[in-house]
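Q: Could you take a close look at the nonpolar core of this protein and walk me through what surrounds it? I would enjoy one connected account.

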Amino acid sequence: FFLVYLNGQAHGKKIYKTTGTEHSFDEAVDICNKAGAIVASPKSKAENQAIQDILSRYKKSAFLGMTDRKTEGKFVYQTGEPLVYSNWKSGEPNNKGGGENCIEMVPSGKWNDMPCEESFLTICEF
Ligand code: GN1
Ligand code: CA
């Protein structure tokens with residue numbers, strides 16, 4: 001009980017924190033995992049909004065934690081589970097050029113599939 005409330009967050013809510021720096025997807029996974037977290041993986045409109053609030057401040061895009069590296073066109077969480085929420089820009093995901101297996105959230109909050117080698121703001125989810 002106490003552990004749940006000590007950090008001031010209501011039970012069940014996530015905390016999103018950014019390093020303020022831009023990295024490739026694999027680097028972001030490493031950074032977040034080393035902090036005991038995962039790369040931001042919004043599962044609702046409210047969680048998407050919380051991440052967008054950070055992007056608005058930084059005026060940058062961020063990587064989300066989901067990829068379709070295993071099966072093209074099937075984006076999954078790091079656990080392998082399929083998406084329960086999405087907010088794709090119109091026309092996305094398009095796997096442009098054949099190598100877009102990661103997801104960029106742009107400052108508007110919409111999603112676009114992009115190469116995992118691009119560099120975007122790192123936001124971790126605790
Ligand atoms: C970008 O620049 P272009 O059109 O080749 C983007 C894609 C988007 C597309 C949307 C590497 O591709 O992910 O789907 O715009 N890729 C890169 O028009 O910027
Ligand atoms: Ca795309």
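A: Happy to. This is a predicted model, and a good place to begin is its largest nonpolar core, which has 17 residues. Within that core, Ile-51, Leu-64, Ile-103, Trp-111 and Ile-123 touch the most other members. Four elements, α3 (45-58), β3 (62-67), β4 and β6, supply at least two residues each. There is also a second, separate core, made of 12 residues, and among them are Phe-25, Val-39, Phe-63 and Met-114.

Let us follow Ile-123 outward. Setting aside neighbours within four places in sequence, Ile-123 is in contact with Tyr-16, Lys-17, Thr-18, Cys-32, Ile-38, Val-39, Ala-40, Ile-51, Ile-54, Leu-55 and Ala-62. That list includes Ile-51, which is also one of the residues named above for touching the most other core members. It includes Val-39 too, a residue of the second core.

Now to strand β6. Its cover is easy to state: 6 of the 6 residues in β6 are buried. On pairing, β6 runs antiparallel to strand β1 (residues 16-23), with 5 bridges between them. One of the partnerships sets Tyr-16 against Glu-125 in β6. Strand β6 also pairs with β2 (residues 38-39), again in the antiparallel sense, over 2 bridges. Here Val-39 has Cys-124 as its bridge partner in β6.

Cys-124 takes us to the disulfides, of which the protein has 2. Cys-124 is bonded to Cys-32, with an S to S distance of 2.1 Å. Cys-32 sits in helix α2 (residues 25-34) and Cys-124 in strand β6 (residues 120-125), so this bond ties together parts that are 92 residues apart in sequence. The angle about the S-S bond is -85 degrees, making the link of Cys-32 and Cys-124 left-handed. Both of these cysteines are buried.

The other disulfide joins Cys-102 and Cys-116, and their sulfur atoms are 2.1 Å apart. It links distant parts of the chain: Cys-102 belongs to strand β4 (residues 102-105), while Cys-116 is in the loop between β5 (111-114) and β6, 14 residues away. This link is right-handed, with 100 degrees about the S-S bond. Cys-102 counts as buried because its relative accessible area is 0%, under the 20% cut-off. Cys-116 is buried as well, with a relative accessible area of 6%. Counting bonded cysteines along the chain, the disulfide pattern is 1-4, 2-3.

Cys-102 leads us on to β4, a strand covered on both faces. Cys-102 and Glu-104 lie on one side, Ile-103 and Met-105 on the other, and all of them are buried. Strand β4 runs antiparallel to β3, joined by 3 bridges. In that pairing, Phe-63 has Glu-104 as its bridge partner in β4. Strand β4 is also joined to β5 by 4 bridges, in the antiparallel sense, and Ile-103 stands opposite Asp-113 in β5. Together β4 and β5 make a hairpin with 5 residues between them, and Gly-109 in the turn has a positive phi of about 95 degrees.

Asp-113 brings in a residue from the loop between β3 and β4. This is Asn-95, which, beyond its neighbours within four places in sequence, is in contact with Glu-72, Glu-100, Asn-101 and Asp-113. Asn-95 is buried because its relative accessible area is 17%, under the 20% cut-off. Compared along the chain, Asn-95 and Gln-78 are 17 residues apart, and their C-alpha atoms lie 19 Å apart in space.

Finally, let us step back to the overall fold. The protein has 3 helices and 6 strands, arranged along the sequence as α-β-α-β-α-β-β-β-β. Buried residues make up 41% of the 126 residues. Among contacts with a separation of 6 or more, 69% are between residues 24 or more positions apart. The radius of gyration is 14 Å, which agrees with the value near 14 Å for a compact globule of 126 residues. The C-alpha trace spans about 50 × 30 × 30 Å along its principal axes. The protein exposes about 7200 Å², with carbon and sulfur atoms supplying 53% of it.

Conventions
Residues numbered from 1 in each chain as written. Chains lettered and ligands numbered in written order. Predicted model: local features only at pLDDT ≥ 70, side-chain atom pairs only at ≥ 80, totals over all residues. Heavy atoms only, no water. Disulfide = S-S within 2.5 Å. Buried < 20%, exposed > 50% of the residue type's maximum accessible area, 1.4 Å probe, protein only. Pairing = 2+ DSSP bridges. Core = buried A, V, L, I, M, F, W, Y, C linked by side-chain atoms within 4.5 Å. Contact = heavy atoms within 4.5 Å. Rg over C-alpha atoms; globule rule 2.2 N^0.38 Å. Areas by Shrake-Rupley, 256 points an atom, 1.4 Å probe, with all protein chains shown as cover.
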